[in-house]
Each structure stands twice: as C-alpha cells, then as structure tokens.
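Here is a briefing on one protein chain. The points are grouped by topic for quick reading.

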Amino acid sequence: MTKHPVDEVLPAGRLALLGLQHMSIMYAGAVAVPLIVGSALKLDPATIGLLVNADLLVAGIATVIQAVGIGKLLGIRLPVVAGATFSVVNPMILIASQYGLPAVYGAMLASGVFGLLIAKPFAKLIRFFPPLVTGTLLLVIGVSLLGPGAGLIAGNDPTASDYAALSNILLAFGVLALLILFTRVLRGFANQIGPLLALAIGLVIAIPMGLVHWDGLGAASWFGLASPFHFGAPTFPVAAVLSMCVVMLVTFTESTADMIAVGEITGRPPTDSDLARGLATDGFSAVLGGVLNSFPDTAFAQNVGLVRMTGVRSRWVVAVTGGILVLMGLVPKIGAFIAAIPQPVVGGVAVVMFAMVAAVGAQNLRKVEFSGNHNTFIVAVALGVGLLPAFAPKIFQHFPAWLQTICGSSITVAAVLAFALNLLFNHLGRRSEPDLLEAP
C-alpha cells in the first residue's frame, strides 16, 4: 500500500535541508515574543537570552509532538510547526506588571491544564469552522502578518536613523527576486529549497555590506537552559488565570484555522480527533512553558504558506525542524548563528510566506456560496473590524485590561467575529433574507 505523502520519509539529506528551511522561515517570529516581552519588562540581556532558549526548546518539543504524535493523546500528525503565539504578549506584560513573573507562569500553567481539558470538546466544534470562517481568518492572519514582515525589512522604529535604509530595502528585494527566479527556473528538490537558497545567498551578500554581526556568536555559550521556575514558585491570581485562559481559547481558534488549512493543502483533512490531539499539544506547550519559563505555542501560519509554496507534505520534515529547534534551545551558539542573519534577508522571504497564508484563505473563500445569503457581509465585518488592530495597534488601549486581551490582536477579533457571525446568520433560528446589497 502506497504511503500518503504526509507519512513519506524523505532521504536524510533532503529531510535536513527542508527541515532547516522551515526553521529559517519561523525563527524570527519564534524569538520575537520573548524579545518583546523581555524588553517591555526591562529584563537584562542574559535573562532575555534564557527566555529565547526556553522558547526555542518548548517550540521544538511541541513541533516534534505535532508531527510524530504521542498515542491518542497529543499531536495532529501533520506538517505543523509550533511557535510562541503573539496573543500572549499583552497579557503577559499586564500580568507581570501587576502581579510579577511568578503569576505569569502560574497563570500559564493553569491555562495549559485548561487547554488540555477542553481540547476535545473544542475540536467537536469543527463543523462551525467551514471555509467561510477559516478562509476569512487565514486571510486576516496573512494580511496582519505583513506588518511584522515589513518591520523585518524596514525596521520597527520610524525615528531611527537607519529606518527604511536603501541598502536594507534593496537587499530584501534582491532576496525576493532570487526567490522568484528559483521558483520559476528550478525543478524538483532544488525548487523545494528555493526559499532556503535565497536566504543563504542573501546572507552571503549581506556580509560585505556590513550587515552581518558575529559578536553574539562569540559571546554565546555552548550550553544554556534556565532552571525550572527560574523566577520563583508560581502563583495563581484569579484575574491572571482567567486572562491566560482567554489566550488559550484564542490560540485554539488560530491553530484550528491553520491546522485545517494544512490538512487541505496536504490532502489529509483532520478529523475532530486529529484536531483534538493538535489542540491538546498547544495546551501541553503552555504547561511546559509554565515550568520552563517559556510561552504557549500555536501553529505557525508562515509555515502553512511554506507547505503550500513548496508542495512538501511530509510531516517528518517538520519533525526535523522540531529537532533543530530543540538543539538551538539547548545550544545557544547555534541560535546565535541563525540570529546573525540580517532581518531584511529574512523579510524578503517572509513577506511571501505571510502573503501565501492570505492566498490560502482566499482559496478557501472560493468554496463559499455568496449568493442569496449574508456570507459577504460576514466576511466584510470580520475583515474590516478584525484588521483594525493591525493598522491602528493602540485603537483599543482604553479598554479594560481583560478586554484588551481579546481586542488587541487582529487574529483574535477576526476569529471571534467570523465564528459568531457564522453562528448568528447560518445556524441560529431561521436564516434571515439577505439585504439588497448582497442580493445576486
């Protein structure tokens, strides 16, 4: 019996290169969360470094579990790459400022247990995530990620002297041009590693430009991992725990859309049992993160885009990615080498991966019937309101702290609206007639 492409074990050399490619695409997003949180809390560089190592370690463990699986308990067994969710940034900063870091990790532990308990019931809601909902959410995810993608290329501080430096822009566009060329010209395996080749050549070009700095590599140690509960015994303030549980629900919603998308791309749509194991892994990552001073993980959307672009469907490729992340978490020198890749080089490839997620969402929406119903209206509201935080990050800054947890992320707002409006118009009571605007 022929193996499904998802279960195919590629030759070792290909596995290694393709796994490295997945890691290269997700690395910037993976370390962004500990860097943002650490900077906001004014932690010293050594402590931020420990957070980064812990983040990579937990993401690697979660990625391996998602790809390989553990019995009937954990792992969706699809090429799903796990990484720290951005939804946790604001809640962590707020909790730490009010209760301290022990409360952050206590709340994370509690939310992880909560996630493990509700994974199976939540997965049974899969019928409420039709292409109308998942397509809209993926479209919002892809578009909202373009902001961070642009930040990789131009920088994140418009007042900085090197913001949008011409050399950075040209370097990023050069890497993008290489990616286009490789995608058009190369065939077979060479085509599949086109993004990695573009990154490697971009790194070589950046060296004489003075954009590659190896200082961090020399300073990094060969082994480094913070002890469990590095910041002290966890505490469990009720408000903090509730806030983190909301984050877990948001993480589940985001992961559900991404996992369904990966299933469609690979030709193995997840059942509710598959989805339950995948979501339980997100919950487990929060438990592990609470112990190891890390962060809860979600399915990384940019890697969904990479699966679509390369056509490589083997989950064992992603298992290798997880192994690389674990190694990076335990050996800081490896992480320091990857971190030396200039952000414009990564950005030149990342913007395509982010936009690919939006394209997958648009493809999902093609399956939706838009005549004689309110589906156009549902997409419009979820897209319009959902993207407000992406274009005006502080628009909800005067809302209560707990509500900012929900409203501070475009992904969260769009997920809540698309899910709720689909229920309201397509499931609850008698379906209302479309208004004139949506009439065919």
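Helices here are DSSP runs of H or I, at least four residues long, and are numbered from the N terminus. By that numbering, G155 sits just after α5 and takes a positive phi of about 105°. The model is predicted.

**Overall fold**
- The protein chain holds 19 helices and 2 strands.
- Its radius of gyration is 21 Å, which agrees with the value near 22 Å for a compact globule of 440 residues.
- The C-alpha trace spans about 65 × 55 × 55 Å along the principal axes of the chain.
- Of contacts between residues at least 6 apart in sequence, 84% link residues at least 24 apart.

**Surface and burial**
- Buried residues account for 54% of the 440 in the protein chain.
- The exposed area is about 18,300 Å², and carbon and sulfur atoms supply 70% of it.

**Helix α5**
- Helix α5 covers residues 131-154, 24 residues in total.
- From first C-alpha to last, α5 reaches 34 Å, close to the 34 Å expected at 1.5 Å a residue.
- The helix bends by about 25° at L146.
- A proline, P148, follows L146 within four residues.
- Because 18 of its 24 residues are buried, α5 is largely enclosed by the rest of the structure.

**Nonpolar cores**
- The largest nonpolar core has 102 residues.
- Touching the most other members of this core are L56, M92, V104, I141, M244, F295 and V349.
- Helix α10 (residues 238-266) gives the largest share of the core, 13 residues.
- Leaving aside residues up to four places away in sequence, M92 touches V37, V104, Y105, M108, M244 and F295.
- A second, separate core has 9 residues, including L132, V368, I378 and L421.

**The loop at G311**
- G311 lies in the loop between α12 (301-310) and α13 (315-330).
- Is G311 buried, exposed or partly exposed? Its relative accessible area is 42%, so G311 counts as partly exposed, a class that lies between the 20% and 50% cut-offs.
- G311 and P5 are 306 residues apart along the chain, and their C-alpha atoms are separated by 10.0 Å.

How values were computed
Residues are numbered from 1 along each chain as its sequence is written. This is a predicted model: local features need pLDDT of at least 70, side-chain atom pairs count only at pLDDT 80 or more; totals for chains, interfaces and linings use all residues. Side-chain values use heavy atoms; hydrogens and water are left out. The expected span of a helix is 1.5 Å times one less than its number of residues. The bend at a residue is the angle between axes fitted to the seven residues ending there and the seven starting there. Buried means under 20% relative accessible area, exposed over 50%, partly exposed in between (1.4 Å probe, protein chains only). A nonpolar core is a set of buried Ala, Val, Leu, Ile, Met, Phe, Trp, Tyr and Cys residues joined through side-chain atoms within 4.5 Å. Contact means heavy atoms within 4.5 Å. The radius of gyration is taken over C-alpha atoms; the globule rule is 2.2 Å times the number of residues to the power 0.38. Accessible areas come from the Shrake-Rupley method with a 1.4 Å probe; for residues, only the protein chains shown count as cover.
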